[in-house]
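The questions below work through one protein model, and each answer sets out its reasoning before it closes on what was asked.

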Amino acid sequence: MKIAALMGGNSEERDVSLSSGCQVAKALRTAGHDVVAVDTAHGVLSRAEELAILTTGVQPEPPDPDALDLVETGDTTALTRDPRVGEAEVLFLALHGGAGEDGTLQTVLDIAGVSYAGSGSVGCALAMDKDLTKRLLRDAGVPTPEWLTGSRPPADVAAVLDLPVVVKPASGGSSLRLALAHDLDELARATELIEADGDTVLYERYIQGREVTVGILGDEALPVGEIIPSHELFDYECKYQPDLAREIFPADLPEELAERIQRLALQVHECLRLRDFSRVDFMLDGTGTAWCLEANALPGLTSNSLLPKAARAAGIEFPDLCERIARMAVDRAAGRTRPERSSAR
């Protein structure tokens, strides 16, 4: 197949996306495909640029706003000028955050009739909005921690959700500005940090227990994994820096419980109208209840990411994983799969 792997962009998750995209491009070439790597903010990457990204990896901190401002001034004409992009049979979206994951790009591609791998515009928009995600899960009977959205006085939040309380942006990913507030002062500071970046605040009841995750590939739930971070929460640094989290695949769980969590993950995937691949995160409390935290429409595909580890536990190596995802989009475009559902079940 001729494939264009789209990555980068100008969201705060740019570094993660570049790492994901270059890993994907390398894996698909290993599987025998003709791949061009495209930074949506600057255009086609050379092999030397890809190698530099793979060598550098994801930095401990996300890009600062000044660096992202420079990215926004980049030359994107290479995206349409390079014939290899136009000749691609499918676009493999390895974008995280911003317009690349919130349904904006997907809408444009749908209008243009371009085949791409990953969730469509509706699924991406639903999964990106954590408040809307939780409302849909609650209505579908999927346990999700109690929450409040929008800036509130710290005392009011604590009165409803107790302390400690999880504070995070209502949209975005990679656990950016995620905090566990233990007192009212920490709660106020976490709120200010999120609002300073123009984001809506989401407060969530803290569920103490084991953090588990389930990758979805097509209509199959991959083995459940357990995440044991070295920090209080599985934050940006723990996600992308080596040795800051233990990620166990498959998780040491009773078979019946693991299967129940997998069924819940598939229910979430369908409820949010996701497709091709996704990842669903849960907290497992002491009673065995799995509380859904969120779903990721375009989960990370870096060397340290959870979905490739889950696939490997199922006997699917990374090149095969990427090839399967790309073929789903090609088959869909050729009418060899059923069309995307028009409404959630």
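Q: How many of the eight residues of α7 are buried?
A: In this predicted model, buried means a relative accessible area under 20%, and the residues of α7 that meet this cut-off are S121, G123, C124, L126, A127 and M128. The cover over these buried residues includes α6 (104–112), β5 (116–117), α8 and β15 (290–296). Helix α7 is thus mostly covered, and its count of buried residues is six.

Q: Is α7 roughly parallel or roughly perpendicular to α8?
A: Two packed helices are described by the angle between their axes and the distance between the axes. For helix α7 (residues 121–128) and helix α8 (residues 130–140), the axes lie 5 Å apart and the packing angle is about 95°. Angles of 65 to 115 degrees count as roughly perpendicular, so the arrangement of α7 relative to α8 is roughly perpendicular.

Q: Which residue classes, and how many of each, make up the contact of α7 with α8?
A: On the α7 side the residues that take part are L126, A127 and M128, and they meet K130, L132, T133 and L136 in α8. Sorted by class, this contact consists of five nonpolar, one polar and one charged residues.

Q: With which side chain does the side chain of T213 make a polar contact?
A: T213 sits in strand β10 (residues 210–217) and is buried, with a relative accessible area of 1%. Leaving aside residues up to four places away in sequence, T213 touches P223, V224, G225, I227, F249, R279, V280, D281 and L306. The polar contact from the T213 side chain, at 2.7 Å, is with the side chain of D281.

Q: Which helix has the lowest mean pLDDT among the elements of the protein chain?
A: The chain as a whole averages a pLDDT of 87, and 84% of the residues score at least 70. Residues 67–71 stay under 50, and the model has ten contacts beyond four places in sequence for them; residues 338–345 are also below 50. Where pLDDT is low, the predicted coordinates should not be read in detail. At the upper end of the element means stands helix α12 (residues 255–271) with 98, while the lowest, 48, belongs to helix α3 (residues 65–72).

Q: What percentage of the contacts in the protein chain with a separation of 6 or more comes from residues 24 or more positions apart?
A: The secondary structure comprises 14 helices and 15 strands, and buried residues make up 53% of the 345 residues. Among contacts with a separation of 6 or more, the share from residues 24 or more positions apart is 69%.

Notes
Residues are numbered from 1 along each chain as its sequence is written. This is a predicted model: local features need pLDDT of at least 70, side-chain atom pairs count only at pLDDT 80 or more; totals for chains, interfaces and linings use all residues. Side-chain values use heavy atoms; hydrogens and water are left out. Helices (H or I, at least four residues) and strands (E, at least two) are DSSP runs, numbered from the N terminus. Buried means under 20% relative accessible area, exposed over 50%, partly exposed in between (1.4 Å probe, protein chains only). A polar contact is a pair of N or O atoms within 3.5 Å; within protein, one must be able to donate a hydrogen and the other to accept it, and residues adjacent in sequence count only if both atoms are side-chain atoms. Contact means heavy atoms within 4.5 Å. Axes are lines fitted to C-alpha atoms, for helices over the stretch in contact, and angles run from 0 to 180 degrees between N-to-C directions. Angles under 35 degrees count as roughly parallel, over 145 as roughly antiparallel, 65 to 115 as roughly perpendicular and the rest as oblique. Ala, Val, Leu, Ile, Met, Phe, Trp, Tyr, Cys and Pro count as nonpolar, Asp, Glu, Lys and Arg as charged, and the others, Gly among them, as polar. pLDDT is the predictor's confidence in each residue, from 0 to 100.
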